[in-house]
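Let us walk through this model together, one helix pair at a time. Have the structure open and follow along.

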Amino acid sequence: MNRDEVEILLVEDNPDDVELALHALKKGNLANKIEVARDGEEALDFLFCRGAHGRRSFESPPKVVLLDLKLPKIEGLEVLRALKSDPRTKSIPIVVMTSSKEQRDLVEGYQLGVNSYIQKPVDFDQFREIVGKLGFYWLVINQCPPKDAFIPKPG
């Protein structure tokens, strides 16, 4: 694996949830490289290889994005909309992990193309268990398309 390759992009502004998720993933030896974006703008900069992430390449997308909905700067549903409407990022699996109980968020998420929608449990142990299972599924069980399958070819 390329040392710059990111397996999971965790988009989460709550420091406690970031810490719990990182602990659960690392405990299960599921991610060699996890990138954390603390707001929607940072997530889009990372995924679209711009700003501080301008040296990244679309040829090394994360295997999965764990996306919170209630984010500063750009909300999670707007991040999802941007990713699923661009051919360079459309195939990246997106899992919404949110505390939102709003049915409209769930419906809109699926309309925009989310791959999975999970309401964060309040209980620490349940949260850790769910994140561990998510990581196992998306990094071990799930079959991803080849990295360059959806990258537009020049000419």
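In which hand, left or right, does H2 pass H3? The crossing is right-handed. Before we look at that pair in detail, please keep in mind that the model is predicted.

A quick tour of the whole chain will help us find our way. The protein chain holds five helices and five strands, and from the N terminus on these elements follow the order β-α-β-α-β-α-β-α-β-α. Of its 155 residues, 48% count as buried. Among the contacts with a separation of 6 or more, 65% are accounted for by residues 24 or more positions apart. The accessible surface of the chain comes to about 8600 Å², and 49% of this area belongs to carbon and sulfur atoms.

Now back to our opening pair. Two packed helices are described by the angle between their axes and the distance between the axes. For helix H2 (residues 40-47) and H3, the axes come within 9 Å and cross at roughly 15 degrees. Angles under 35 degrees count as roughly parallel, so H2 is roughly parallel to H3. On the H2 side you will find Gly40, Ala43, Leu44 and Leu47 making the contact, and on the H3 side Val79, Ala82 and Leu83. By class, this contact has six nonpolar residues, one polar residue and no charged ones.

Follow helix H3 (residues 76-84) to its other partner here, helix H4 (residues 103-112): their axes come within 9 Å and cross at roughly 15 degrees. H3 and H4 are therefore roughly parallel to each other. The hand of this crossing is left. H3 brings Leu77, Leu80, Arg81 and Lys84 to the contact, while H4 offers Asp105, Glu108, Gly109 and Leu112. Sorted by class, the contact of H3 with H4 has three nonpolar, one polar and four charged residues.

Just ahead of H3, pause at leucine 71, which sits in the loop between strand S3 (64-67) and H3. Is this leucine buried or exposed? Leucine 71 is buried, because its relative accessible area is 9% and buried means under 20%. Setting aside neighbours within four places in sequence, leucine 71 is in contact with Val11, Glu12, Asp13, Asp39, Gly40 and Gly76. You have already met Gly40 in the contact of H2 with H3. Leucine 71 and aspartate 13 are 58 residues apart in sequence, yet their C-alpha atoms are 6.2 Å apart in space.

Our last stop is the pairing of helix H1 (residues 15-27) with H5, whose axes come within 8 Å and cross at roughly 55 degrees. That angle makes H1 oblique to H5, and the crossing is right-handed. From H1, Asp17, Leu20, Ala21, His23, Ala24, Leu25 and Lys27 meet Phe124, Phe127, Arg128, Val131, Gly132 and Gly135 of H5. These residues divide into seven nonpolar, three polar and three charged.

One of them, arginine 128, deserves a closer look. Arginine 128 belongs to helix H5 (residues 124-141), and with a relative accessible area of 24% it is partly exposed. Beyond neighbours within four places in sequence, arginine 128 is in contact with His23, Ala24 and Lys27. Arginine 128 and leucine 25 lie 103 residues apart in sequence and 8.4 Å apart in space, C-alpha to C-alpha.

How values were computed
Residues are numbered from 1 along each chain as its sequence is written. This is a predicted model: local features need pLDDT of at least 70, side-chain atom pairs count only at pLDDT 80 or more; totals for chains, interfaces and linings use all residues. Side-chain values use heavy atoms; hydrogens and water are left out. Helices (H or I, at least four residues) and strands (E, at least two) are DSSP runs, numbered from the N terminus. Buried means under 20% relative accessible area, exposed over 50%, partly exposed in between (1.4 Å probe, protein chains only). Contact means heavy atoms within 4.5 Å. Accessible areas come from the Shrake-Rupley method with a 1.4 Å probe; for residues, only the protein chains shown count as cover. Axes are lines fitted to C-alpha atoms, for helices over the stretch in contact, and angles run from 0 to 180 degrees between N-to-C directions. Angles under 35 degrees count as roughly parallel, over 145 as roughly antiparallel, 65 to 115 as roughly perpendicular and the rest as oblique. A crossing is left-handed if the near helix is turned anticlockwise from the far one by less than a right angle, and right-handed if clockwise. Ala, Val, Leu, Ile, Met, Phe, Trp, Tyr, Cys and Pro count as nonpolar, Asp, Glu, Lys and Arg as charged, and the others, Gly among them, as polar.
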